[in-house]
Amino acid sequence: MASYLESAVSIAREAGSLLLQFAERRPAFELKGEFDLVTAADRASEALILDRLRSRFPTHSILAEETGAHAASSDFRWYVDPLDGTTNFAHSFPMWNVTLALEQAGQMIAGVVYDPLRDEMFTAERGAGAYLNGRRIHVSKAARFEESLLATGFPSRRRHENVNVHFFHQAAMFSHGIRRAGAAALDLAYVACGRLDGFWEFGLNPWDMAAGTLMVIEAGGACSDMKGQPHSVGGPHLIASNGLIHEGIVSLFAEVWNGKPRIPLPQIGPE
Ligand code: IPD
Ligand code: CA
Ligand code: CA
């Protein structure tokens with residue numbers, strides 16, 4: 001399996017260098033949806049990654065954000081996000097990455113999340129642990145929700161239907177705080193290396209979370225959906241955590257699902 005991970009690392013590094021060249025020129029954005037941005041950098045990075053994957057692994061299928069599904073004959077499938085955090089990238093906000101993951105027969109076996117700005121390469125292989133620039137990483141030891149630092153996100157697509165503000169409010173009331181940095185794969189990598197204790201989000205795509213969820217598991221953490229049921233990369237929502245606070249998040253969120261939040265959103269009154 002090492003050669004798969006080594007390939008993913010070298011392709012992510014190459015795509016990361018290309019993205020850095022685009023970043024210096026601050027590329028114009030276009031809209032895929034009402035507020036859903038894409039840039040020439042997303043497309044160029046994806047073209048590079050597809051080219052490299054096809055030449056190394058011609059029988060592998062690929063699911064890539066900008067060009068969709070590319071079916072092939074084997075039971076291997078790559079998930080490709082050529083630029084995760086496009087909105088940040090388009091505004092020169094320094095939180096974005098390139099992420100690749102490989103699934104075999106329905107099981108994620110390898111993943112990388114590469115942050116070119118910090119030259120941080122997060123990697124994971126099933127059963128072999130998670131690493132940052134070659135050093136083993138582990139989730140945090142925060143044992144109580146009340147002492148956790150969390151992250152979440154608010155996807156651009158279908159934002160009018162997103163109920164996350166209710167979950168955000170409860171989590172903000174009982175934790176050290178919530179970060180909303182805008183690059184889901186990095187959020188997950190940060191849970192894996194202990195910079196964050198937990199993360200949740202609605203409406204992620206498979207390429208956003210394929211590598212990062214494997215990384216969290218391999219770093220000793222846990223993943224589920226937002227009701228505590230088993231996680232899948234095709235699922236509608238995700239919680240990833242250090243494992244120790246997982247039940248605390250699920251039970252806090254259960255109150256929100258049931259319409260009985262512990263602390264209601266304050267009313268806005270006259271000054
Ligand atoms: C987005 C980012 C963002 C998350 C969105 C994703 P993109 O990916 O990961 O943090 O909130 O759900 O779609 O579109 O920049 O690759
Ligand atoms: Ca993404
Ligand atoms: Ca993307």
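In the predicted model, the surroundings of ligand 1 comprise 15 residues, of which Asp84, Gly85, Thr86, Gly182 and Glu201 come nearest. By class, this shell is made up of six nonpolar, three polar and six charged residues. Among the secondary-structure elements, strand S5, which spans residues 76–84, gives the most to the shell, with three residues. Because domain 1 (2–136) and domain 2 (145–257) both give residues to the shell around ligand 1, the ligand lies between them.

Polar contacts with the protein backbone were found at several residues of the chain. An oxygen atom of ligand 1 is placed 2.8 Å from a polar backbone atom of Thr86, a residue that is also listed with those coming nearest to the ligand. For Ala183, a backbone N or O atom lies 3.0 Å from an oxygen atom of ligand 1, while for Ala184 the separation between a polar backbone atom and a ligand oxygen atom is 2.9 Å. Taken alone, ligand 1 exposes 380 Å², and the protein buries 92% of that area.

With regard to the pockets computed over the protein atoms, the space taken by ligand 1 is the largest pocket.

Technical notes. Residues are numbered from 1 along each chain as its sequence is written. Chains are lettered from A and ligands numbered from 1 in the order in which they are written. This is a predicted model: local features need pLDDT of at least 70, side-chain atom pairs count only at pLDDT 80 or more; totals for chains, interfaces and linings use all residues. Side-chain values use heavy atoms; hydrogens and water are left out. A residue is near a molecule or strand if one of its heavy atoms lies within 4 Å of it. A polar contact is a pair of N or O atoms within 3.5 Å; within protein, one must be able to donate a hydrogen and the other to accept it, and residues adjacent in sequence count only if both atoms are side-chain atoms. Accessible areas come from the Shrake-Rupley method with a 1.4 Å probe; for residues, only the protein chains shown count as cover. On a 1 Å grid over the protein atoms alone, a cavity is a set of points where a 1.4 Å probe fits but cannot get out, and a pocket is an open set with protein on both sides within 12 Å along at least five of seven lines; lining residues have an atom within 4 Å of a point. A molecule sits in a cavity or pocket if more than half of its atoms lie within 2 Å of its grid points. Helices (H or I, at least four residues) and strands (E, at least two) are DSSP runs, numbered from the N terminus. Ala, Val, Leu, Ile, Met, Phe, Trp, Tyr, Cys and Pro count as nonpolar, Asp, Glu, Lys and Arg as charged, and the others, Gly among them, as polar. Domain bounds come from an automatic or database domain assignment.
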